[in-house]
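Hi,

Here is the structure I said I'd pass on. Have a look at it first, and then read my notes underneath.

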Amino acid sequence: MIRTDAEISAAVDAELHPGDARSAVYRQGIINVLRFRIQGVKIPCSYRLETVEADAYFSGNERGHVLWRKLREGRPRLTG
């Protein structure tokens, strides 16, 4: 099972296939959810609500929860 920040980052890289036009903010949203689920680290939000950055971050959070379920179920990491 994934435990370290490096392993979390690698899982996100595997989920986001090359050419996936996702922002760094979106990616950070995924990482923060996995850090919460795996390490118990509180999910921060450094973005003002109703901004493009907040939307990207929260979309990444959603994908992070989906990726967490895939990892827990042992399913292959599918993109999308």
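Below is what I found, going from the whole chain down to single residues.

One thing to keep in mind throughout: this is a predicted model.

**The overall picture**

The protein chain has three helices and zero strands, so along the sequence the pattern simply reads α-α-α. Its 80 residues would give a radius of gyration near 12 Å if they formed a compact globule, and the chain comes out at 12 Å, which agrees. The C-alpha trace spans about 35 × 30 × 20 Å along its principal axes. Buried residues make up 32% of the 80. If you take the contacts with a separation of 6 or more, 60% of them are between residues 24 or more positions apart.

**Helix H2**

I'd start with H2, which runs over residues 24–39. Those 16 residues should span 22 Å at 1.5 Å a residue, and the C-alpha atoms at the two ends are 21 Å apart, so expectation and model agree. Quite a few of its residues are buried: Val25, Tyr26, Gly29, Ile30, Ile31, Asn32, Val33 and Leu34. What covers them includes helix H1 (5–15) and helix H3 (52–73). Just past the end of H2, Gly40 takes a positive phi of about 80°.

Tyr26 has some company too: the charged end of Arg22 sits over its ring, 4.7 Å from the centre.

**The nonpolar core**

Which residues make up the largest nonpolar core? There are 12 of them: Ile2, Ile8, Ala11, Val12, Leu16, Tyr26, Ile30, Ile31, Leu34, Leu67, Trp68 and Leu71. H1, H2 and H3 are the elements that give two or more residues to this core, and H2 gives the most, with four. That fits a general habit: in soluble globular proteins, nonpolar side chains tend to be buried together.

For a concrete contact, look at Ile31, which touches Ile8 and Val12 once you set aside residues up to four places away in sequence.

**Gly29 and Asn61**

Another spot to zoom in on is Gly29, in helix H2. Its relative accessible area is 0%, so Gly29 is buried. Not counting residues up to four places away in sequence, Gly29 touches Tyr57, Gly60 and Asn61. Ile8 is 21 residues from Gly29 in sequence, and their C-alpha atoms are 12 Å apart in space.

Asn61 sits in helix H3. Is this residue buried or exposed? At 9% relative accessibility, Asn61 counts as buried, because the cut-off is under 20%. Leaving aside neighbours within four places in sequence, Asn61 is in contact with Gly29, Ile30, Val33 and Ile43.

**The aromatic cluster**

How many aromatic pairs are there? The count comes to two. In one of them, the rings of Tyr47 and Tyr57 have their centres 5.6 Å apart and their planes at 50°, so the pair is tilted. This pair links distant parts of the chain: Tyr47 is in the loop between H2 and H3, Tyr57 is in helix H3, and they are 10 residues apart. Tyr47 is partly exposed, with a relative accessible area of 27%, whereas Tyr57 is buried, at 1%.

Tyr57 also pairs with Phe58: the centres of these rings are 5.7 Å apart and the planes are at 70°, so this pair is edge-to-face. Phe58 is partly exposed, with a relative accessible area of 34%. Put together, Tyr47, Tyr57 and Phe58 form one aromatic cluster.

**A backbone detail at Glu50**

Last, have a look at Glu50, in the loop between H2 and H3. Its phi is near 65°, a positive value in a residue other than glycine. For context, most residues other than glycine have a negative phi. Glu50 is exposed, with a relative accessible area of 80%.

If you open the model, I'd go through it in this order: the core, then Gly29 and Asn61, then the aromatic cluster, and finally Glu50.

Cheers

Definitions and conventions: Residues are numbered from 1 along each chain as its sequence is written. Side-chain values use heavy atoms; hydrogens and water are left out. The expected span of a helix is 1.5 Å times one less than its number of residues. Buried means under 20% relative accessible area, exposed over 50%, partly exposed in between (1.4 Å probe, protein chains only). Contact means heavy atoms within 4.5 Å. Rings of Phe, Tyr and Trp (its six-membered ring) pair if their centres lie within 6.5 Å; planes under 30 degrees apart count as stacked, over 60 as edge-to-face and the rest as tilted. A charge sits over a ring if NZ of Lys or CZ of Arg is within 6 Å of the ring centre and within 35 degrees of the ring normal. A nonpolar core is a set of buried Ala, Val, Leu, Ile, Met, Phe, Trp, Tyr and Cys residues joined through side-chain atoms within 4.5 Å. The radius of gyration is taken over C-alpha atoms; the globule rule is 2.2 Å times the number of residues to the power 0.38.
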